[in-house]
Amino acid sequence: MKTILITNDDGFDSPALLALREALAPLGRVIIVAPSSQKSACGHSLTLTSPLRFVSVGDDYYKLHNGTPTDCIYLALHSLFADGHRPDVVVSGINLGSNMGEDTTYSGTVAGAMEGVIAGIPSVAFSQYMADDNITKDFALARKVAFEIIAKILNDGFPLPNRELLNINIPDCKITDFRGYKICELGYRLYGNDAHLHRNPRGEEYYWLGVHPIEFDERELGRSDFAAVFDNYASITPLKLNLTSYESLRSLEKWL
């Protein structure tokens, strides 16, 4: 039987996480280790200054108290797979919201898949784009996409080399309007700088960071994940952990 290890960054009780478990259950044994609370935009962070604790919430279903998605995969492999057996695939998601362009560097969802490939396990991050009217409340399309992709990996093998992962974003549309899959590059995410200043009853200042509208530009290939998702395709982007800018090595040597 195949084994699928799942995490997310929206917390162990996210309806999208439960939808993912339901979608993948026909493919093998599904084990969930997810954060006990919301950890969106935590990036690839490990918890080094406080203890972590597994709390069982059902069969093959755990929340990690105080943990990040990276903690969840790291400790699951250390503790739940201590006999040397490894999951056949690590799946992170389904995230409530997209992870496209440079948003991938903030994403706890993408980081969960990063930790999987660091351990040498095929890994995929799934994110559900949610428009203002949020058509996909039942995650029907996301379940379909997750099942098809993970089934193909389990049947045909993982298509990427070591330390590379798949980042998949699902459009906010009905299944009948879904146009299929596109292999994409990360688009160029355009950011604002939005923060809201408030004061508590004691007069002390605090800030809430704002929500940025999704705006983007195309890059060299002109086939961004943003454009695909907005055109009702699921974007599939291969990501690698090596951040070296090889095209700048020579110019940096000249500069130095």
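A quick bit of vocabulary before you click anything: a residue is called buried if its relative accessible area is under 20%, exposed if that area is over 50%, and partly exposed in between. Keep that handy, and remember that you are looking at a predicted model.

**Stop 1: the whole chain.** Start zoomed out, with everything in cartoon view. You should find six helices and 13 strands. The C-alpha trace spans about 55 × 50 × 50 Å along its principal axes. How does the radius of gyration fit a compact globule? For 256 residues, such a globule would have a value near 18 Å, and the chain has 19 Å, which agrees.

Now switch on the surface. It comes to about 13600 Å², and carbon and sulfur atoms account for 52% of that. Underneath, 44% of the 256 residues count as buried. If you show contacts between residues at least 6 apart in sequence, 75% of them join residues at least 24 apart. Colouring by charge is worth a try too: there are 23 positive and 32 negative charges, and the mean positions of the two sets are 3 Å apart.

**Stop 2: β1 and β2.** Select residues 3–7, which make up strand β1, and then add β2. The two strands pair in the parallel sense, over four bridges. To see one pairing up close, pick I6 and look across to I32 in β2. Next, keep just residues 29–35, the whole of β2. Is this strand mostly covered or mostly open? Covered: six of its seven residues are buried.

**Stop 3: S40.** Move on from β2 into the loop that leads to β3 (53–58), and select S40 there. Why does S40 count as partly exposed? Its relative accessible area is 38%, so it falls between the 20% and 50% cut-offs.

Show what surrounds S40. Leaving aside neighbours within four places in sequence, it is in contact with D9 and D10. Then add G108 and draw a distance between the two C-alpha atoms: S40 and G108 are 68 residues apart along the chain, yet the separation is 5.8 Å.

**Stop 4: the β10–β11 hairpin.** For the last stop, select residues 195–199 (β10) and 205–209 (β11). These strands run antiparallel and are joined by five bridges. Click A195 and find its bridge partner, L209, in β11. Then follow the chain round the turn: five residues lie between the strands of this hairpin, and one of the turn residues, G203, has a positive phi of about 85°.

Definitions and conventions. Residues are numbered from 1 along each chain as its sequence is written. This is a predicted model: local features need pLDDT of at least 70, side-chain atom pairs count only at pLDDT 80 or more; totals for chains, interfaces and linings use all residues. Side-chain values use heavy atoms; hydrogens and water are left out. The radius of gyration is taken over C-alpha atoms; the globule rule is 2.2 Å times the number of residues to the power 0.38. Buried means under 20% relative accessible area, exposed over 50%, partly exposed in between (1.4 Å probe, protein chains only). Contact means heavy atoms within 4.5 Å. Accessible areas come from the Shrake-Rupley method with a 1.4 Å probe; for residues, only the protein chains shown count as cover. Lys and Arg count as positive and Asp and Glu as negative; His and the chain ends are not counted. The place of a charge is taken as NZ of Lys, CZ of Arg, CG of Asp or CD of Glu. Two strands pair if DSSP finds at least two bridges between them.
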